[in-house]
Amino acid sequence: MKLYGYWRSSAAYRVRIALHLKGIEFESIPVHLVKNGGEQHSEDYVALNPTHLVPTLVDGELTLNQSISIIDYLDAKYPDVALYPQNIEDKAVVQALALDVACEIHPVNNLRVQQYLTQQLNISDADKLSWSHHWMANGFAAIEQKLAQTSGQYCFGDQVTMADICLVPQVYNANRFNLDMSPYPLIRAIVERCNQLPAFIKALPENQADAQ
């Protein structure tokens, strides 16, 4: 199994967490998103993933993009460590929390979105940061409110789920963007607990071979 990713990509970070939680051996293949104009735009990589994004998982004959799809595939193929509750209502709640991150917060941090704001729209760095903070804060406020109803040690009770897998990289991003996380004590406490687990430690961006 091969995972093409970038050390600081939050989407690739999610997949690394899932792989380590499940104890799946994989080869990590770096795709530098900035060097040489971005290796994700190279002919060889685009042949694997026409979206010009990371991550990409290659498992035998299967080539798969989109981190949520990749993790769901891994969860179905390696069910011993489940990433969702078995109850269908609970599973839907966890999926909604995960998608609150993946669909509502993460896209504004995406490198190509940030580059477009600067390069095509000529937005200043200060205004770009303010714009990013606005949308991240909106998203985290909603998640914090939901966690008041669902959380235990982790986002959904005391089981690590897909929601935690998505939340931890997003908070890592928020810290990179210098967002004030003090209004979100539940989020901060959950992320702190997750980051004490071996799988999350192994998946940390700074612990990747291509980290800079």
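The following questions and answers concern the predicted model shown above. Residues are numbered from 1 along each chain as its sequence is written; side-chain values use heavy atoms, without hydrogens or water. Local features need pLDDT of at least 70, and side-chain atom pairs count only at pLDDT 80 or more, while totals for chains, interfaces and linings use all residues.

Visitor: In what order do the four strands form the open sheet?

Guide: Strands are DSSP runs of at least two E residues, numbered from the N terminus, and two of them pair if DSSP finds at least two bridges between them. Strands E2 (27-30) and E4 (62-65) each have a single partner strand, so they stand at the edges. The pairing is mixed, and the order is E2-E1-E3-E4.

Visitor: Which residue of E4 is the bridge partner of aspartate 59?

Guide: Strand E3 (residues 56-59) is joined to E4 by four bridges, and the two run antiparallel. The bridge partner of aspartate 59 in E4 is leucine 62.

Visitor: Which helix gives the largest share of the largest nonpolar core?

Guide: A nonpolar core is a set of buried (under 20% relative accessible area, 1.4 Å probe, protein chains only) Ala, Val, Leu, Ile, Met, Phe, Trp, Tyr and Cys residues joined through side-chain atoms within 4.5 Å. The largest one has 58 residues, and Met162 is among those with the most contacts inside it. Nine residues, the largest share, come from helix H7 (residues 162-176).

Visitor: What percentage of residues 87-212 is helix?

Guide: An unreviewed UniProt entry annotates this span as "domain: GST C-terminal"; such annotations may be inferred rather than shown by experiment. Its end C-alpha atoms lie 42 Å apart. Strand makes up 0% of the span, and helix (DSSP runs of H or I, at least four residues) makes up 70%.

Notes. Buried < 20%, exposed > 50% of the residue type's maximum accessible area, 1.4 Å probe, protein only.
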